[in-house]
Amino acid sequence: MSTYRPQLPVHSGSDSYSLALVLGSGGVRSVAALGIVEQLAHAGIRPDLVVGCSSGALFGAQIACGMHGERALRLATTLWSAELTQQRRWRAYAQLIAPRLTGFGPHFALRDDRLIARRVHQAFGDTLLEQLPTPLRVAATQAATGRPVVITQGRLADAIRASMSLPILFPPVSIDGLQLVDGVLSDPLPVAAAADARVILTLGFLGGIPRKIDRFTRLVARTSTTLINNLMQARLDVMRARGQRVIDLELELDRPIGLWETAALPYLYEAGQRAASKRLPAIRAALDATHGVDRPAHEVADT
């Protein structure tokens, strides 16, 4: 059975975890998390909690399972590819044209999600969240209410599918009687779900806003992206205002990366390694500060 928890409050007392890695929605770019964890391991640092939303939940699951290096990259190519979004539901077009006659409802989807379900199950099987070597919390959204949900128990494959189920494109995923959809709608970078960690590393991505609005879809994209970007920043601001140590990891990319550009996986993996390496002084300073170890003021301030 899956357990659902609201966004966790910031604790003023002792914390459960030393270092949390929070992975937001970012398409194929989220695979950089694999490189981040590999680089941290070389420095003797290991997150003891992972939180993921959407694609961040998918690649975060690999980290929580202990997958790394080339093996993790090979698996990522099967879990994130354009073909997964190309499984059309032809009945969907009839539902759009004649909704009353064809039974349009809350489970409407333009795409068939059976291939995604099969790939995720092949990768993770019937593994339970509570069995993972590293704790994983998966962010999703209640379809009926829009409220954020954090999944902490139950089948890992179900949690991943729910967190990635973008409405209209894919149908909701039912877990314990709740209809769940993509976590990006309610918490694109779920830092609050890691509030019981002393230090939080984040890998989040602001969505690109179309500059030229020459058709309806671009207007919709500009509106939805603006909302998501502001929601993510607002959640980060709240956590920092409450005194949480949050360290952002930013990828330095020399070109735009397509949402489903799996050929860029090795490049993104290396970008993750570079991002972690650049922030190592700040990460060490923050961890040491939580254990009473003095560091130069400029390193502590960098967090």
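This section describes the pockets, the cavity, the cysteines and two unusual backbone angles of a predicted model.

The largest pocket has a volume of about 1400 Å³. Its lining comprises 41 residues. Leu 166, Val 184, Ser 224, Ile 228 and Leu 259 lie nearest the centre of this pocket. Helix H8, spanning residues 216–241, is the main contributor to the lining of the largest pocket. Ten lining residues come from this helix. By class, 27 residues of the lining are nonpolar and twelve are polar. Two charged residues complete the lining of the largest pocket.

The second largest pocket holds about 320 Å³ of space. It is lined by 15 residues. Closest to the centre of the second largest pocket are Gly 204, Phe 205, Leu 206, Leu 249 and Glu 250. Two elements, strand S8 (197–203) and H8, each give two or more residues to this lining. The largest share comes from H8, with three residues. H8 thus gives the most residues to the lining of the largest pocket, and it also provides the largest share for the second largest pocket. The lining of the second largest pocket divides into nine nonpolar, three polar and three charged residues.

One cavity of 30 Å³ or more is present in the structure. The volume of the largest cavity is about 60 Å³. Its lining is formed by Asp 113, Ile 116, Arg 161, Met 164, Ser 165, Phe 170, Pro 171 and Val 173. Five of these residues are nonpolar, one is polar and two are charged. Under the classes used, the charged members of this lining are Asp 113 and Arg 161. Ser 165 is the polar one.

The cysteines were examined next. A disulfide is a covalent bond between the sulfur atoms of two cysteines. The count of disulfides in the model is zero. Cys 53 takes part in no disulfide. The nearest cysteine sulfur to that of Cys 53 belongs to Cys 65 and is 18 Å away. The cut-off for a disulfide is a sulfur pair within 2.5 Å. The sulfur of Cys 65 has its closest cysteine sulfur in Cys 53, and at 18 Å the two are too far apart for a bond. The surroundings of these residues were also assessed. Cys 53 has a relative accessible area of 0% and is therefore buried. Cys 65 has a relative accessibility of 24%, so this residue counts as partly exposed.

Backbone angles were considered last. Most residues other than glycine have a negative phi. Ser 54 is not a glycine, yet it has a positive phi of about 60°. Ser 54 sits in the loop between strand S3 (49–53) and helix H2 (55–64). Its relative accessibility is 7%, so Ser 54 counts as buried. Ile 168 also has a positive phi, of about 80°, although this residue is not a glycine. The loop that holds Ile 168 runs between helix H7 (156–164) and strand S6 (173–175). Relative accessibility at Ile 168 is 54%, so this residue counts as exposed. Both residues with positive phi thus lie in loops. Ser 54 is buried, whereas Ile 168 is exposed.

Definitions and conventions:
Residues are numbered from 1 along each chain as its sequence is written. This is a predicted model: local features need pLDDT of at least 70, side-chain atom pairs count only at pLDDT 80 or more; totals for chains, interfaces and linings use all residues. Side-chain values use heavy atoms; hydrogens and water are left out. On a 1 Å grid over the protein atoms alone, a cavity is a set of points where a 1.4 Å probe fits but cannot get out, and a pocket is an open set with protein on both sides within 12 Å along at least five of seven lines; lining residues have an atom within 4 Å of a point. Grid points are joined across faces, edges and corners, and a volume is the space filled by probe spheres set on the points. Helices (H or I, at least four residues) and strands (E, at least two) are DSSP runs, numbered from the N terminus. Buried means under 20% relative accessible area, exposed over 50%, partly exposed in between (1.4 Å probe, protein chains only).
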